[in-house]
Amino acid sequence: MALVKVKNLSRVFDVSKPWLNRVIERRSKAFLTAVSEVDFDVEPRSTYALVGESGSGKSTIGKMLVGLLKPTSGVVEIEGIDLASETDAAKIDAIRSDIQMIFQDPYASLNPRWRVKDIIVEPVASRGGNTEGLSERLLEQVGLSVQDAGKFPHEFSGGQRQRICIARALASEPNLIVCDEPTSALDVSVQAQVLNLMSDLKDDFGLTYVLISHDLTVVRHMADKIGVLYLGRLVEEAAPEDLFETPKHPYTQMLLEAAPQMDGFGREVLPPEGEIPDPITPPSGCAFHPRCPIAQDVCKRDRPAMRQINGIRVACHLAE
Amino acid sequence: MADPVLSIRDLSVEIPTRHGIVRPVDGVSYDIQAGEILGIVGESGAGKSMAGNAVIGLLTPPAHISKGEIWLNGQRIDHLKGDAMRRLRGKEIGMVFQDPLTSLNPLLRIGDQLTETMLTHLPIGRAEAEKRAVAALEEVGIPGAAERVNSYPHEFSGGMRQRVVIALALCAEPSLIIADEPTTALDVSVQAQIIALLRRLCRDRGTAVMLITHDMGVIAEATDRVAVMYAGRLAELGPVRDVLTHPQHPYTHGLMASTPLASQGKSRLHQIPGAMPRLDAVPDGCAFNPRCPYATEKCRQAPVPRVSNGQAACWYPLVDEKVI
């Protein structure tokens, strides 16, 4: 059974101006649909990656998975329990400690006035658990030394701080860790260290990752399954081999073509046309149709449903 | 070969601190020819931006050039002060920074920002400058340029703003553009557009470009030659294809091998042990020696050989180490 089931998930933000401005300027309310009718499942002990450009809703989905945001509509089920509608407090409590998150910026996500050992045991201590020897054990597991327990975050480099964040995420022995751009703030060589650590821990603890990233090379290396987002909609979902070898959706094709390649010396890329449209007034039908090279009338009219093609899910009228 | 547009000779930048002098740029030399894109690549703290800032005279005191020479079109510019440097900036050297929003004045229409630069540096009148402003925006691919000159920076998207910044850097027709992480804040599809634009301008106008970035993919696609920096020093300099596919310096090799692309199909990524040294604790000899798998006693003591084109700053350069 899938560990995480996301069904028809949507999130709308109210981005209206204050009411007085609306009255004076005769504007109506404005709503931004950050996530729109997204469906996917995450299998236990796998890595599910969400990729997309800025404004594609990947971080919003991540926050809804861990319960930092409430869905406007749709359901997030973790181990069969929907945190938003479940009434049994004991069940909610049990699930909550199974979910942890790692954020992008290791400088902003550690309290500068706390010692590392207090930061790491916080998820356990706040629930009244036994924290004896916990921080020391976790520090060794993420490749830091026991002597680091008494230090403050400013004494560490970016990569080491991200290790501390990972140690904190592991403290409550979670099943699911949502990683929001865990290596985007890090240099290539440090990124390699952190990604290797994440792979090792996944094997050791039987973890499930939801990996949010804009970096296609990282996603290709880490993921078992990749979901591509565009303007809050899931446009394609496939295993990395399939996605990179035979991308079905025109947006995925454009993204892969545009991404700089390390062996693309002097490659003449025909740069993609246009930019991501304004999510407050998204295009009709398929959100990608204004930039799509093969768009037809049906694409402007109807929003494509998710279809299965040879084990690949794609939301495009014309993909085959 | 023609004289280079920019020539940096043995450049060092020093910052005096309470704990002694640190050297974020240490004995760096390279040339950039007209119509050439030179990539400067390295991890954070490697001194790549500091070298760019030294060229354009934007070092923040107490950082200063302690040694070496900078020549631009046959003129020595590293000792220029105040007004002389200001005339050069914008006129001879254009600069593109990472964040397009903070490099534009939010209170001025972009047309005014362009004409101001041209009126300062070029012997032309206002009407001519306004005409050229529209042409400059058209050249960088902004649709409806004639109307958009009257827009404010906030009315543009991130990618369009970076195009405006490039138009601004180009409008006084400089011979050198320093682009410091110009696409880092942008999405992949917009990044491809900006790289294509930089390459076209470089080819059509013969502008020399110094492209500073940490992204190996951008380096591979955009540049002609690449300089790899480590702890303020040049580790390797050469044609981009040679450096990336057959790196001679163990650091370049480690850097390339640790990118996910090079490890495709493997379960683990290649790792370089340790981290780049802090600038106040750069080891003797080769700065990379504590992390280098091939280091010997010689590497720990003797200063490494100087780099020239197609060479690595290494006593034992790798031969025939293929990465990708």
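## The annotated span

Take residues 4-256 of chain A to begin with: the C-alpha atoms at the two ends of this span lie 27 Å apart, and its make-up is 37% helix and 25% strand. Keep in mind that this is a predicted model. The span comes from a record: an unreviewed UniProt entry carries the annotation "domain: ABC transporter" for residues 4-256 of chain A.

## Strands in chain A

Let's look at some strands of chain A. Strand β1 (residues 4-14) pairs with strand β4 (residues 73-78) of chain A, running antiparallel, and five bridges hold the pairing. One pair to look up is Lys5(A), whose bridge partner in β4(A) is Glu77(A).

β4(A) also pairs with strand β5 (residues 81-82) of chain A, again in the antiparallel sense, this time through two bridges. Here Ile78(A) sits opposite Ile81(A) of β5(A). What lies between the strands in the hairpin of β4(A) and β5(A)? Two residues do, and in this hairpin Glu79(A) has a positive phi near 50°.

As for side chains along a strand, the general rule is that in a regular strand they alternate between the two faces of the sheet.

## Where chain A meets chain B

Now for the contact between the chains. Chain A puts in 32 residues and chain B 36 residues. On the chain A side, the elements giving two or more residues are α7 (188-205), α8 (216-222) and α10 (250-258). Which of the elements gives the most to the side of chain A that touches chain B? That's α7(A), with seven residues.

By residue type, the side of chain A that touches chain B splits into 14 nonpolar, twelve polar and six charged residues.

## Two domains in chain B

Chain B is divided in two: domain 1 takes in 34-57 + 81-223, while domain 2 runs over 233-312. Measure between their centres, taken over C-alpha atoms, and you get 31 Å.

The two domains do touch, with eight residues of domain 1 of chain B and five residues of domain 2 of chain B in the contact. On the domain 1 side, helix α8 (residues 216-222) of chain B supplies the largest share, three residues. The residues of domain 1 of chain B that face domain 2 of chain B in this contact come out as four nonpolar, three polar and one charged.

Definitions and conventions: Residues numbered from 1 in each chain as written. Chains lettered and ligands numbered in written order. Predicted model: local features only at pLDDT ≥ 70, side-chain atom pairs only at ≥ 80, totals over all residues. UniProt positions renumbered as here; feature names shortened; annotations may be inferred. Helix = DSSP H or I, 4+ residues; strand = E, 2+ residues; numbered from the N terminus. Contact = placed C-beta atoms within 7 Å. Nonpolar A, V, L, I, M, F, W, Y, C, P; charged D, E, K, R; others polar. Domains from an automatic or database assignment. Pairing = 2+ DSSP bridges.
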